[in-house]
Amino acid sequence: MRKKVAFYTLGCKLNFSETSTIARTFVNEGFDRVEFNEEADIYVINTCSVTENADKRFKSIVKQAQKINPDAFVAAIGCYAQLKPQELADVNGVDLVLGATEKFKIIDYLNDLSKNDMGEVHSCEIEHADFYVGSYSIGDRTRAFLKVQDGCDYKCTYCTIPLARGISRSDTMESVIANAKEIANQDIKEIVLTGVNIGDYGKGEFGNKKHEHTFLDLVKELDNVEGIERLRISSIEPNLLKNETIDLVSKSRAFVPHFHIPLQSGSNAILKSMKRRYMRELYVDRVAKIKEVMPHACIGVDVIVGFPGETDAHFLETYNFLNTLDISYLHVFTYSERDNTEAAEMDNVVAKNVRAKRSKMLRGLSVKKRRAFYESQIGTIRSVLFESENKEGYIHGFTENYVKVKTPWNPELVNTIHDIELTKIANDGIVRFEFVSVCSQ
């Protein structure tokens, strides 16, 4: 009987790309992959430790697996597994915990799959996480997440990522292009580039600090890969998003006019306390440059509320800054203390109810910004890539500049690109449209 394996991924696109790669390893070794809510012999949970909630969810996911099959072997991998391996190993039902370098060799640690009385831990010192493992994920038939970089050399005072993933290092250009071609051969229309700090691409490409390629070089090369209709840059630091890259995207064959740029605070005083590598003035310049060459571009923003020392005045500075910026939506994170970070030791802690109130205000602003952006696109001609799910009788898709649209379910539209005219915003906030052409790709 072939053994069955199921996966659960917490956190970011990077985790999804790595889960997918690890899952392919299992399949190559003769396992059958099943959904996490199905009975399996092994349950692998890829953890995240960016937020407090991701930590808390781990225990409930383990319980979910045990409920389906009490005899199943449960393995924990990923960021939380690197940061707090013993904490995970102590969770009832966990048999194996693998850190940053060990997770890609999970098959080697499985033995006979018998349950352990205590969770077994294999976790290196993070200084040893200095080699690169390329990954890509295929979530559905329409898009793939392609990992191009891992780790981070930044020292932001709130962040555990360098402790969980190690130093900044990159895939070789040759490997990235090969992976992109593999994805293209599977009739996937869109690739999303992902990493911890993708603008730092090139560093560590040869296992040291030698630098042959840059992120701009990567963008140029990927734009020439045949068979990929769309390329999308995920989150990129404002100080690493150069004008040359913005110009290239504006003239690109495949790169879409959509940027996600972390800000974290609109107050220079808080940015300094966070040890971010820019001031708000640089952020204004980046947004202005994008809008100058791509007026229809979608710009998403990450922002943290309730950082230690953030007064009402600092928060209002952030709110007003974001309100005046020509951006399209926000991802709002409520600050949570993380062990072994500078910020966790800082004075002037913001009360949790204040953090929650500020978070709610910015989420409200995000709704306004997205609505205004969608309204600005009504009457324009865009191209949409349709997704593969039937959601309550509708098929959804995203335009190249990340406007979400829907139309009554039609399976023939799945994984095709069509030109459309955006006509109105429905009551649920999703945009309706008329087809401009019937030719699909």
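Where does Arg276 lie? In this predicted model, Arg276 sits in the loop that runs between α9 (268-274) and α10 (280-293). Being in a loop might suggest a spot out in the open, so to speak, but the numbers settle the matter: Arg276 has a relative accessible area of 8%, and since the cut-off for buried is under 20%, Arg276 counts as buried.

What does the side chain of Arg276 make a polar contact with? The partner is the side chain of Glu237, at 2.9 Å. Glu237 also turns up among the residues that Arg276 touches once those up to four places away in sequence are set aside. The rest of that list is made up of Cys156, Tyr158, Pro262, Leu263, Gln264 and Leu271.

Pro262, Leu263 and Gln264 bring the story to a sheet, as strand β13 covers residues 258-264. Here 3 strands form an open sheet, ordered β13-β14-β15, with parallel pairing. β13 and β15 (329-334) are the edge strands; each has a single partner strand, so one side of each is left without a neighbour in the sheet. From one strand to the next, the twist averages 20 degrees.

A look at the pairing of β13 fills in some detail. β13 pairs with β14 (residues 298-305) in the parallel sense, over 6 bridges. One of the residues involved is Phe259, whose bridge partner in β14 is Ile299. Packed on the sheet is helix α12 (residues 352-377), which touches β14 and β15. The direction of α12 makes about 170 degrees with that of β15.

Key: Residues numbered from 1 in each chain as written. Predicted model: local features only at pLDDT ≥ 70, side-chain atom pairs only at ≥ 80, totals over all residues. Heavy atoms only, no water. Helix = DSSP H or I, 4+ residues; strand = E, 2+ residues; numbered from the N terminus. Buried < 20%, exposed > 50% of the residue type's maximum accessible area, 1.4 Å probe, protein only. Polar contact = N/O pair within 3.5 Å; in protein donor to acceptor, adjacent residues only side chain to side chain. Contact = heavy atoms within 4.5 Å. Pairing = 2+ DSSP bridges. Axes fitted to C-alpha atoms, helices over the stretch in contact; angles between N-to-C directions.
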